[in-house]
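Colleague: Please take a close look at one part of this model, the packing of its interior. I would like a single connected account, with the cut-off of each term stated once.

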Amino acid sequence: ALSDRHRGAVVQLPGIPDKALRAIVNVLAAGECTSRTFQHTLSLIQNLSHLAGVLPVITDELIRRASELSQSVCSDIAQLLDALQPVPAEPAAEDSGSGDAPAGVSAGLLDQVRDITLAKFSPASSHQSRLLRLLMAIDYISTTVAKRLEEKQKAARDAAGDQADMDVDAAGVDAILAAELVHLRSLSLGHDAQFLPLWEAMGQCLQCTSAQPELTHVATVLLPLIESFMVVFKPIVGEKNKAAAATAAAAADTADGVATADSSALVTPAAVRPSEAYFQSLTEKHKKVLNTLVRNNPGLLSGSFSLLVYNPHVLDFDNKRSYFYQRLHDDGGGSGAAAAAGAARRASARPVGGTLHVNVHRNTVFQDSYHQFAGKSGDEIRRARINVRFHNEEGVDAGGVSREWFQVLARQMFNPDYALFMPSAAGRVTYQPNPQSWANPEHLLYFKFVGRIIGKAIADQRALDAYFTRSFYKHILGRKVDYRDIEAIDPSYYKSLEWILENDITDVFEETFSIEVDDFGQHRVIDLVPNGQEIGVTEENKADYVRLVTEQRLYRAIKDQISAFLTGFQDVIPKDLIQIFNEQELELLISGMPDIDVDDWRNNTVYHGGYTSGSAQIQWFWRAVRMFDHEERAKLLQFVTGTSKVPLEGFAHLQGNQGVQKFQIHKDPTKSARLPTAHTCFNQLDLPLYDSFETLKANLLLAISECSSGFGF
């Protein structure tokens with residue numbers, strides 16, 4: 001037993017000389033450092049970090065050595081750039097029509113580039129590999145310290161009820177830890193300025209290598225350097241992503257889990273710091289290279305490339321989809337260490353969770369399936385393999401029967417007898433929840449079931465013949481709707497709202513802050529604000545009126561239906577995971593990639609405003625469409641028609657607001673700097689008079705990629 005004198009003594013922790021602490025960094029910066037040595041060294045640093053004054057010494061040394069290595073990598077890149085000088089900075093024009101093949105890279109240059117990459121970049125002892133190790137160590141230390149501080153602060157809050165018993169020394173240690181974390185982050189946030197020449201050189205190299213197919217392998221060789229770039233910007237962009245997600249969740253919570261319309265959100269972007277803007281600019285400029293790297297190594301998105309997941313402008317749909325299914329089948333969407341631990345469990349395309357037997361009559365598939373799913377949890381539904389048997393049919397379900405079952409369900413959920421959904425005005429091929437679905441006593445339970453079925457179809461990668469309005473996709477993603485989304489539901493009402501916003505309504509508009517609705521022949525008035533029938537709409541408050549009308553039409557009138565649907569959908573698909581997609585991509589995820597026949601599309605297109613099939617801009621347009629991949633063609637079709645669905649009979653039967661309405665291209669006589677715009681109710685593309693093929697293609701891609709709906713203002 002300890003004596004009383006020893007029991008009260010304070011343990012004096014040993015002091016470690018700064019020289020010894022700096023020597024630890026030498027292990028990480030050494031030419032050869034195995035992954036096991038790297039992990040053991042990080043564990044040592046983590047243990048020593050509990051001693052006061054240790055972290056600043058180690059992190060300062062890490063930064064100093066990293067800065068030295070960045071200069072060495074710059075020299076290596078400069079040597080590679082010298083060899084790449086004969087390569088044009090821009091890709092050769094594709095499909096030029098001249099009949100000449102683009103000039104390739106000479107064998108001599110390829111040999112020179114290969115020698116440089118093998119000597120300077122490929123070895124594990126290369127400068128870029130050593131730099132990545134040091135930056136990863138800084139990131140690991142910062143993350144560890146932040147977590148430890150958070151735990152201490154949580155413990156302090158839990159003990160706040162008994163202030164008298166709080167340990168003063170512990171509070172002091174917390175202050176020291178917090179100061180060290182601030183020091184760490186100040187170093188990390190300074191990287192973008194210290195390392196700017198390195199990132200500029202990396203960008204120049206990627207620009208040259210992406211210009212020629214023969215040199216695309218160079219980007220793979222430079223992967224450690226690209227990962228270093230991602231690690232350096234993680235404290236900046238990563239924190240911004242977390243803050244944005246928290247803001248979105250808070251906004252959704254204020255509207256019963258669904259974001260409501262707010263026109264100000266359309267024009268008030270979040271503040272972007274210079275370093276953050278630099279990261280966005282560089283990644284968007286080299287998105288083609290980054291997507292190729294991710295395509296070849298999908299695991300990057302669970303590691304150093306994770307910053308790109310929530311950037312809608314960088315990742316292609318196929319890479320988002322690959323990441324989505326990896327996360328979904330890794331214990332329902334875990335991340336970080338859980339994702340890494342679950343890698344071995346992702347050997348199969350679909351999780352194993354038993355079999356869910358579904359026995360249905362063909363003429364009552366919806367009702368029978370609804371009753372059999374009622375007693376199942378969302379986790380059971382997501383993990384189980386569906387095995388379907390139709391009554392009095394001998395088919396054995398090896399995949400084909402369940403595929404047919406999904407398609408029958410997709411048709412029956414839109415059956416007017418259930419009154420769940422109503423067709424939109426735009427071609428009557430997309431659907432919106434019916435505000436009068438309450439006529440069906442079970443409607444909310446049915447909406448929950450439909451949400452589960454669509455979630456299960458996504459989880460099992462079963463494409464459904466089910467297309468919804470853009471505003472409904474936004475509700476699924478928890479994003480804000482605006483008045484332009486009304487066009488798909490009521491084009492004439494949308495035109496009225498547009499006129500109100502664009503014109504002075506003084507003495508010409510006599511509406512109040514109320515709206516009249518028709519419930520099966522019974523008219524009633526709904527106040528948009530308290531005593532709305534007594535408040536007139538004026539030039540000063542018209543924007544509020546449009547916002548509130550939009551909110552009523554697209555959210556308030558169907559909020560119970562939306563909430564029930566989302567309850568079922570999020571039983572199967574995690575809310576935060578589905579939000580990596582935009583509205584266009586969500587439609588492709590649910591309904592699959594369409595098979596688009598470009599010749600049929602072109603043969604059933606009409607031209608207006610001075611354009612003809614022989615106009616240069618029209619020739620360039622179809623040349624660009626032929627060069628697009630499947631995803632880009634689908635997005636173009638979505639942009640102009642509001643949906644990626646192609647009629648079974650072909651483009652000759654494309655539906656519009658007034659029945660069959662062919663795809664049409666109108667001349668936009670305004671400035672050629674304007675982006676193409678669209679009117680989805682009329683399947684109409686307004687194409688400016690661009691002066692070159694390259695400008696037309698670039699602006700068309702920008703419009704379909706950046707605009708979530710086909711409107712231009």
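Modeller: Buried means under 20% relative accessible area, exposed means over 50%, and partly exposed is what falls in between (1.4 Å probe, protein chains only). The model is predicted, with local features requiring pLDDT of at least 70 and side-chain atom pairs pLDDT 80 or more, while totals for chains, interfaces and linings use all residues. Residues are numbered from 1 along each chain as its sequence is written, and side-chain values rest on heavy atoms, with hydrogens and water left out.

C205 has a relative accessible area of 0% and is therefore buried. The whole structure, when searched, shows zero disulfides (a pair of cysteine sulfur atoms within 2.5 Å). C205 accordingly belongs to none, its nearest cysteine sulfur being that of C208 at 6.8 Å.

A longer buried element is helix α25, residues 583-591, where nine of nine residues are buried. Helices (H or I, at least four residues) and strands (E, at least two) are DSSP runs numbered from the N terminus. Among the buried residues of α25 are Q584, E587 and L588. Their cover includes α14 (317-328), α19, α20 (470-477), α24 (575-578), α28 and α29 (693-706), contact being heavy atoms within 4.5 Å.

From α28 comes Q638, which counts as buried at 1% relative accessibility. Leaving aside residues up to four places away in sequence, Q638 touches Q584, E587 and L588, and also R470, T643 and S644.

The other contacts of α28 involve a sheet: this helix, residues 630-641, lies across β10, β11 and β12 and runs at about 60° to β11. Axes here are lines fitted to C-alpha atoms, for helices over the stretch in contact, and angles run from 0 to 180 degrees between N-to-C directions. The sheet itself is open, with four strands in the order β7-β10-β12-β11 and mixed pairing (two strands pair if DSSP finds at least two bridges between them). Its edges are β7 (605-608) and β11 (677-679); each has a single partner strand, so one side of each lacks a neighbour in the sheet. From one strand to the next the twist averages 25°. Four bridges join β7 to β10 (663-668) in the parallel sense, and H608 stands opposite H666 in β10. Helix α27 (616-627) also packs on the sheet, touching β7, β10 and β12 (684-688), with its direction at about 115° to that of β12.

Back at α19 (443-459), part of the cover of α25, there is a helix pair to describe. α16 (365-373) packs against α19 at about 85°, and their axes are 10 Å apart. The two are therefore roughly perpendicular (65 to 115 degrees; under 35 is roughly parallel, over 145 roughly antiparallel, the rest oblique). On the α16 side the contact has F366, Q367, S369, Y370 and F373, which meet L445, Y446, F449, V450, R452 and I453 of α19. By class these are eight nonpolar, two polar and one charged residues. Ala, Val, Leu, Ile, Met, Phe, Trp, Tyr, Cys and Pro count as nonpolar, Asp, Glu, Lys and Arg as charged, and the others, Gly among them, as polar.

Two loop residues complete the account. A419, between α18 (400-412) and β3 (421-423), has a positive phi near 60° and counts as buried at 17% relative accessibility. D507, between α21 (491-502) and β5 (514-519), has a positive phi near 65° but is exposed, at 78%.
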